[in-house]
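The following exercises are to be worked with the sequence and the model at hand. Please attempt each task before reading its solution.

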Amino acid sequence: SSIPHPGPPLPPSLQCFIHPSPVRYPGPPHRRGQLKPCYLLNAASLLPVLALGVEEGDRVLDLCSAPGGKALAILQTADPALLCCNEMDPHRRDWLAKTLESFIPQSLSRTVTVSNQDGRIFGQSEAGMYDKVLLDAPCSNDRSWLFSGPGGEQRGAVRLRERARLPTLQTQLLRSALAAVRPGGVVVYSTCTLSRSENQEVVEAVLNTSPGVELQDLEEELALPLQEHFTFTPLGHTPSLGLLVVPQQGQTWGPMFLSRIKRIH
Ligand SMILES: C[S@@+](CC[C@H](N)C(=O)[O-])C[C@H]1O[C@@H](n2cnc3c(N)ncnc32)[C@H](O)[C@@H]1O
């Protein structure tokens, strides 16, 4: 069924539909040369896209883009001059390419490019080139454990080792994202974890060590108008380092953390 449109900050061009019960719903299959009618997304994944606030003619970078759900949502909110979808992992890049092929009409194919850089050095190679950068960072994403099949214990040990390295990686990616944006432009940092060390602490570390950047408040712009649809949890820090959506019974969206930083000079 269609979600009753809540009005601003959701642009009317962003069409959302919701399954009446919280089931895992099969997506439409990939068919070469055919566009798909809908993309399945956790509704909280729209929040970083809304926070990015893409406007017509913007140059936009999606620094960690696969499988491409947020890139598609960006294209539903506005007509950017450029959307560069970057993904370092080759398998996930193939997945991203399939997503783009399945959803993006020919008329937009010149607007959207795919690149394969390590996001940690992207900001050096294309310094100041973008108006908006989305950093939807790799994170511990504990929700995905639910769907990872058998052999969970062994994979669990690997995941715990990888998890220890994530805050450093996320910090490097966020610094790079801030280097890629022009003065006056914004970076949205998002994760789908509840982990404080991957969320607030990454944002705080970067703010404390990056001159010429400013944290932006998302409370009035996003949390207040959308509080009926998402459960936002206070982060106990003033000003708030971001918004955190926590899944609740009957409101299963999230987890999703998002924070917006503006580059002043
Ligand atoms: C949370 S996922 C992105 C989801 C995507 N934004 C979407 O909405 O579909 C994070 C992605 O970052 C990629 N990644 C991890 N390390 C990276 C790096 N150093 N540079 C670029 N991408 C990286 C991962 O392969 C993964 O595809």
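Four exercises with worked solutions follow, after a short note on conventions.

The model is predicted: local features need pLDDT of at least 70, side-chain atom pairs count only at pLDDT 80 or more, and totals for chains, interfaces and linings use all residues. Residues are numbered from 1 along each chain as its sequence is written, and side-chain values use heavy atoms, with hydrogens and water left out.

**Exercise 1. The annotated active site**

Task: Locate the residue that UniProt gives as "active site", and describe its surroundings.

Solution.
- Step 1. The unreviewed UniProt entry places this feature at C192. UniProt positions are given in the numbering used here, feature names are shortened, and annotations may be inferred rather than shown by experiment.
- Step 2. C192 belongs to the loop that joins β5 (181-191) to α6 (200-209). Helices (H or I, at least four residues) and strands (E, at least two) are DSSP runs, numbered from the N terminus.
- Step 3. C192 is classed as partly exposed because its relative accessibility is 24%. Buried means under 20% relative accessible area, exposed over 50%, and partly exposed in between (1.4 Å probe, protein chains only).
- Step 4. Not counting residues up to four places away in sequence, C192 touches C139, N141, P255 and M256. Contact means heavy atoms within 4.5 Å.

**Exercise 2. The ligand and its shell**

Task: Determine which residues come nearest to the ligand, and which polar contacts the ligand makes with R92, G119 and A66.

Solution.
- Step 1. There are 20 residues around the ligand, and E87, R92, D118, G119 and D136 come nearest. A residue is near a molecule if one of its heavy atoms lies within 4 Å of it.
- Step 2. By class, this shell holds 7 nonpolar, 6 polar and 7 charged residues. Ala, Val, Leu, Ile, Met, Phe, Trp, Tyr, Cys and Pro count as nonpolar, Asp, Glu, Lys and Arg as charged, and the others, Gly among them, as polar.
- Step 3. A polar side-chain atom of R92 is 2.4 Å from a ligand oxygen atom. A ligand nitrogen atom lies 2.7 Å from a backbone N or O atom of G119, and a ligand oxygen atom lies 3.4 Å from a polar backbone atom of A66.
- Step 4. The protein buries 88% of the 600 Å² that the ligand exposes when taken alone.
- Step 5. Two or more residues of the shell come from each of α2 (69-77) and α4 (119-125).

**Exercise 3. A66 and E87**

Task: Are A66 and E87 buried or exposed, and which atoms of the two residues lie 3.2 Å apart?

Solution.
- Step 1. UniProt lists both A66 and E87 under "binding site", in an unreviewed entry.
- Step 2. A66 lies in the loop between β1 (59-62) and α2, and E87 in the loop between β2 (82-86) and α3 (90-103).
- Step 3. A66 counts as buried because its relative accessibility is 10%; E87 is buried as well, at 9%.
- Step 4. The 3.2 Å pair consists of the backbone nitrogen of A66 and a polar side-chain atom of E87.

**Exercise 4. L96**

Task: Where does L96 lie, and which residues does it contact?

Solution.
- Step 1. L96 is placed in helix α3.
- Step 2. L96 is buried, with a relative accessible area of 0%.
- Step 3. Leaving aside neighbours within four places in sequence, L96 is in contact with S65, A66, P67, G68, C85, E87 and V114.

Key
Polar contact = N/O pair within 3.5 Å; in protein donor to acceptor, adjacent residues only side chain to side chain. Areas by Shrake-Rupley, 256 points an atom, 1.4 Å probe, with all protein chains shown as cover.
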